[in-house]
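Reader: Hey, got a minute to go through this model with me? Let's put it on the screen.

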Amino acid sequence: MSMGRFANSTDPRSGLEVVRDWNGVAQVVLRSPRGASARVSLHGGQVVSWRNDRGEELLFTSSKAIFKPPNAMRGGIQMCFPQFGYSGTLERHGFARNRIWALDDEHPPVNHNDNGSKVSVDLILKPSEDDLKCWPHCFEFRLRVSLSKDGDLSLVSRIRNVNGKPFSFSFAYHTYLSVSDISEVRIEGLETLDYLDNLTHKERFTEQGDAITFESEVDRVYVSSPNVVAVLDHEKKHSFVIRKEGLPDVVVWNPWEKKSKTMVDFGDEEYKQMLCVDAAAVERAITLKPGEEWTGKLELSAVSSTNCSDQLDHPVSI
């Protein structure tokens with residue numbers, strides 16, 4: 001299935017549109033019947049926008065983000081594979097977020113699930129010759145991004161070992177949430193968990209608070225975490241409910257004031273309007289034998305804060 005067939009095309013029945021950004025890279029726009037939307041770039045397989053039915057942007061993108069391949073854009077949801085952070089020999093967060101993906105030839109561009117209640121797009125990444133030089137393992141990374149009729153965003157990653165030998169990797173959905181004021185935000189669902197603090201060389205601590213709040217730089221990996229976590233935004237009176245499967249860890253990051261000033265693609269004061277909460281598998285690497293496949297799922301919902309406690313009890317249904 002060639003990209004040319006879908007470039008700058010619209011199918012109003014399917015809720016799918018393909019456009020090109022100013023670098024000529026294709027972006028797939030998903031729209032729900034009630035007005036929510038999501039936008040996925042073939043650069044990195046990155047979700048660059050997620051809007052609710054009122055048109056409000058739910059993901060953060062820096063005003064200083066650099067929209068130029070091969071670097072990933074600062075914001076949205078990035079695919080971190082086969083490495084997270086600087087935990088290996090590869091470039092930071094791995095190479096998947098910096099590559100140009102393709103529409104998946106083995107799947108139709110739109111898949112209606114649950115009696116047409118979702119609109120989806122399927123992407124695929126395979127290693128280039130240069131990738132194999134720095135990480136000599138053959139893989140197929142299939143990504144399905146879906147938008148439900150209620151505006152919930154889901155991502156399903158399937159990574160298959162098509163190599164002749166086992167390989168190991170780490171993974172994260174590096175998710176920049178848009179918040180009103182970081183000092184008014186709290187995370188529920190990570191209480192009493194152990195975490196690795198990246199600010200103290202991955203020293204292990206146990207979370208003490210009833211909920212996580214923010215008053216300084218935070219860069220932590222919460223391990224053995226539950227499959228449902230909530231981010232409550234007091235000022236916006238809504239909450240993000242994060243459901244995950246196959247991803248035991250949650251990475252929480254906010255650079256705060258001092259670090260923000262050192263990042264060229266991030267505004268000095270923008271730390272107040274963002275929070276990264278990443279469904280991840282980073283503490284223990286995932287190992288695939290030849291022919292094996294791993295699946296990692298993420299579902300994001302934006303709900304009224306009054307309904308949030310009910311949502312924490314619901315299982316993943318991606």
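Author: Sure. Keep in mind that this is a predicted model. One thing to look at is R220, whose charged end sits over the ring of Y195, 4.4 Å from the ring centre.

Reader: Nice. How many aromatic pairs does the structure hold?

Author: There are 21 aromatic pairs in the structure. One of them is F81 with F139, 5.1 Å centre to centre. Their planes are 70° apart, and the pair is edge-to-face.

Reader: Where do F81 and F139 lie?

Author: F81 is in the loop between β6 (77–80) and β7 (102–103), while F139 is in strand β9 (residues 139–148). The pair therefore ties together parts that are 58 residues apart in sequence.

Reader: And are F81 and F139 buried or exposed?

Author: Buried, both F81 and F139.

Reader: Which residues are in the cluster that ring pairs link with F81?

Author: Besides F81, the cluster takes in F95, W101, W135, F139, F141, F167, F169, F171, Y173 and W294.

Reader: OK, switching to strands. What's the order in the open sheet of eight strands?

Author: The order is β7-β8-β9-β10-β20-β17-β16-β12, and the pairing is antiparallel. β7 and β12 (185–188) are the edge strands, each with a single partner strand, so each has one side without a neighbour in the sheet.

Reader: How many bridges join β7 to β8?

Author: Two bridges, with β7 and β8 (residues 118–125) running antiparallel.

Reader: Which residue in β8 is the bridge partner of L103?

Author: That's L123.

Notes. Residues numbered from 1 in each chain as written. Predicted model: local features only at pLDDT ≥ 70, side-chain atom pairs only at ≥ 80, totals over all residues. Heavy atoms only, no water. Phe/Tyr/Trp six-rings, centres within 6.5 Å; stacked < 30°, edge-to-face > 60°. Helix = DSSP H or I, 4+ residues; strand = E, 2+ residues; numbered from the N terminus. Buried < 20%, exposed > 50% of the residue type's maximum accessible area, 1.4 Å probe, protein only. Lys NZ or Arg CZ within 6 Å of the ring centre and 35° of its normal. Pairing = 2+ DSSP bridges.
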